[in-house]
Amino acid sequence: MKNRIFLLLLSIFIFSPLLGQPPETIYLGNIIHQGYDDDTGYGPYNIGFNFTFFGNVYSEFYVNSNGLLTFGASTDAYEPVTIPTASAPNNYIAPFWDDLAMGSEGKMLYTTIGTSPNRKCIVQWTNMRFPSDLLLGTFLVILYEGSNNIQLQYRSIISSHSMAHGAFATIGLENSDGSTGVLYSYQTVSVDSEQAIRFTPSGLTYTIDPSAFYDGIYLTTNMSLPEPGIPDLIVPASNSTIGNAERFDWSEASNAGSYTLKISKNADLSGSANYNTGTNTYWDVSGLTVDATYYWAVFATNATGTTWSEIKRFYTSATPPSTPVPQTIWMEFTEERMIDLQYTGGDASAKTAVITTLPVSGELYQYNAGVKGGQITSVPTNVTDSEMRVIYVANGSTGNNAGNFNFLVHDNNGDSSPALITVNVNSAGVPNLLLAAKSSNVEIQFDRPMADPSGKEAQFSVSVDGFSATISSVALKEGDPYTISVTLNAPLTGTETVLISYTQGTVAASAGGLLPSFADQPVNLLLQTISFDALPATTYGDSPITLSATASSGLTVTFTSSNSSVASILDNTLTVNSAGSSQVTARQIGDDTYAPVRYIRTLTVGKAAQTITMSDLPATKYGDADIDPGATASSGLTVTYSSNNTDVATIVDGKIRITGAGTASITASQGGNQNYEAAPNVSKTLTVGKATQTITMSELRAAKYGDADIDPEATASSGLTVTYSSDNTDVAAIVDGKIRITGAGNATITASQGGDHNYEAVPDVSETLTVNKADLTFKADDKEREYLESNPV
């Protein structure tokens, strides 16, 4: 019974470099258990070499489902205690000892890789949970031959709940009788995704490095189609604030067939809104509640299984601030990588990314149409690419944080706070020998792509039935950079006892790591070859491709795509999902007789062409309503418009707004996207005629000679000024737009509007003005005169 209850609101490999997680080499794991389990111990299992632990030598180990690896005996213990504790269990490695459970997705796997004296034994707990169904994640123990180092590493810690980060767990080592041990943490929040903890022997104890470099190893049960990689959540960033609508963005996960975006107001994702995004690594979401707290995650799925991302929290606001998005980038030494700087929130003003600190190692460049532009050597420096992309070159030192730099986002409101881009750089990967096989010659397979070994025959030696054989050449196997073909002067017949050795020299992985020496590796399996038809030239939108390949052994060949966003494969049918490139691998996993084999071809999917269809524009007149040009692109993408004469027409909200009479060329454009080339522009002539107008003029009232000036009050429908004329200036004249009476009689007053650039002249309108005589009034002065006298003055 559990007494703690929580209520909670033959090794084959694939090398898989990913942006959002450490580069991984995937190996075939041996199944300890998969599916539901609770409190069970398993074992023993062979380590594959002698391993010293607290002074005792072991060749076997045991595992239980509660995050314990033990030596000497199994245990089902689920209640963690501190280290050291004398009571059982003892003699253990605890990567995450807690009361754990396995659901349908859960697996415990192990394998041993490499050759003596540099082998590694890997034990992996995959998709672990707590009994409450809180998601924990995937973690590993790696035992190193020779050094007896122990590395605990946490591929993914899913939940943000403290329990998933060690709040009730024991992490560390304890010796065989519980008298001593090395405690990393007990009931303490102490581990995160992508963390590695290295325990190095030091006398009778161990030293701890809590920030060791992550050893990129992952175990699967299906090498033909491993579980997807981990989707790295990018936008919205953890604890960021966004508006009620946002484009959610995450990194591509290797081997993913589809993605499910989950958004919930609950930390455990219960009651989540689920969006099946197909192979898209983004999704536009709207209608989020403002001033709320949300949690989100992405699950990547294929036919083999599901991989969970971390769960991240974000907030919403009606006025989210402009916030740059922090990211973690994993690279290999000498690699060159484009980094897409991103932000959330802010107003509608233009945004500029500004580099505020430079990496202490490596080089940072402006992005220029897919290649390096000018090197960024001082700060602050504005990022010149409109989509905020830069290029980092890992040509300096290696290690965690080797290439870190900061940037901020500038807009009309000023500068945001800076965000950190964490760049971890792996040292040049050291290739591990996996196996050797033979036919008439010998081939050796490695866990990393190899550099061309031509001319380095002297660094290898082959023994045939106890005698040294002469090597005539070494070369990469056609279609398989992971395999070196060793050609002998005297071909083998297939029955000989063959051993192959290598003395460390200059043979290296393509990333630069030197191949370590190995001695007398047996060559037992038969090699096979694959015939894989060349892939046709492909364009986005093309019909599915039927893949064809055969193995010389006659065994079944399967196919995988390294980039499911570009191409996904079901059985032997390849479906194009987007423009770009993907490595398509034809693989035969081998058996007890035949070594595994692969043939890799690069699929390049070009952008599709598109055309614009646009009808002739209708004849129109000044003053008409806005016109929808109605152009469409064969791609279904939005068409935009421009006018070469804004005095005649402008474009407002995708429609033509008439601004004057005349002609304008209206051009329809579609600039393309990641899947479509830009369409050829299509132009149509818009002819805008002058508008007609009318004059409204009331009847003129009768007037008398001597009256004040009269305003005719005529108006034109165009709003233009009306002018007047009189046909009888002895009766009326026009002065300053008014009728001035000059005499009695009749006059015709004509209202005119002659038009302008946008209006036709209007027919004149006339009204008759009648001016009557003024009344004559006589009045005498009150004066007198005598008869025969003169009139008085």
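The following exchange concerns strands, aromatic pairs and one buried charge in a predicted model.

Colleague: Is strand β23 largely enclosed or largely open, and how many of its nine residues are buried?
Modeller: Strand β23 covers residues 293-301. It is largely enclosed by the rest of the structure, because most of its nine positions are buried, the number being seven.

Colleague: Which strand is joined to β23 by seven bridges?
Modeller: Strand β25 (residues 312-316) pairs with β23 in the antiparallel sense over four bridges, and strand β24 (residues 306-308) is joined to β23 by three. The strand joined by seven bridges also runs antiparallel to β23, and comprises residues 258-264. There, serine 258 has threonine 301 of β23 as its bridge partner. The strand is β20.

Colleague: Which residue of β24 stands opposite threonine 301?
Modeller: A hairpin of four linking residues leads from β23 to β24, and the two strands run antiparallel. Opposite threonine 301 in β24 stands threonine 306.

Colleague: Is the ring pair of tyrosine 294 and phenylalanine 314 stacked or edge-to-face?
Modeller: The two ring centres lie 5.4 Å apart, with the planes at 10°. Planes under 30 degrees apart meet the criterion for one class. The pair is therefore stacked.

Colleague: How many residues apart in sequence are the parts that this pair of tyrosine 294 and phenylalanine 314 ties together?
Modeller: Tyrosine 294 belongs to β23 and phenylalanine 314 to β25. These two strands are also paired, through four antiparallel bridges, with tryptophan 296 and lysine 312 as one of the bridge partnerships. Because the ring pair spans both strands, it ties together parts whose separation in sequence is 20 residues.

Colleague: What is the relative accessible area of phenylalanine 314?
Modeller: Its ring partner, tyrosine 294, counts as buried at 7% relative accessibility. Phenylalanine 314 is likewise buried. Its relative accessible area is 0%.

Colleague: Which residue has its charged end over the ring of phenylalanine 299?
Modeller: The charged end in question is 5.2 Å from the centre of the phenylalanine 299 ring. A similar placement occurs at phenylalanine 532, where the charged end of arginine 601 is 5.7 Å from the ring centre. Over phenylalanine 299, the residue is lysine 262.

Colleague: How are the rings of tyrosine 45 and tyrosine 110 arranged, stacked or tilted?
Modeller: The whole structure contains 27 aromatic pairs. In this one the ring centres are 5.0 Å apart and the planes stand at 45°, so the pair is tilted.

Colleague: Which strands hold tyrosine 45 and tyrosine 110?
Modeller: Both tyrosines are buried. The pair ties together parts 65 residues apart in sequence, because tyrosine 45 and tyrosine 110 lie, respectively, in β4 (residues 41-53) and β8 (residues 101-113).

Colleague: Which strand forms a hairpin with β8?
Modeller: β8 is mostly covered, with ten of its 13 residues buried. Strand β3 (residues 30-34) is joined to it by four antiparallel bridges, and asparagine 30 stands opposite tyrosine 110. The hairpin has six residues between its strands, and glycine 114 in the turn has a positive phi of about 90°. The hairpin partner of β8 is β9.

Colleague: How far from glutamate 246 is the nearest side chain of opposite charge?
Modeller: Glutamate 246 is in strand β19 (residues 246-250), and its contacts include Val235, Trp283 and Asp284. It is buried without a salt bridge, a bridge requiring a distance within 4 Å. The nearest side chain of opposite charge belongs to arginine 247, at 7.5 Å.

Conventions. Residues are numbered from 1 along each chain as its sequence is written. This is a predicted model: local features need pLDDT of at least 70, side-chain atom pairs count only at pLDDT 80 or more; totals for chains, interfaces and linings use all residues. Side-chain values use heavy atoms; hydrogens and water are left out. Buried means under 20% relative accessible area, exposed over 50%, partly exposed in between (1.4 Å probe, protein chains only). Lys and Arg count as positive and Asp and Glu as negative; His and the chain ends are not counted. Contact means heavy atoms within 4.5 Å. Two strands pair if DSSP finds at least two bridges between them. Rings of Phe, Tyr and Trp (its six-membered ring) pair if their centres lie within 6.5 Å; planes under 30 degrees apart count as stacked, over 60 as edge-to-face and the rest as tilted. A charge sits over a ring if NZ of Lys or CZ of Arg is within 6 Å of the ring centre and within 35 degrees of the ring normal. Lists of a residue's contacts leave out its neighbours within four places in sequence.
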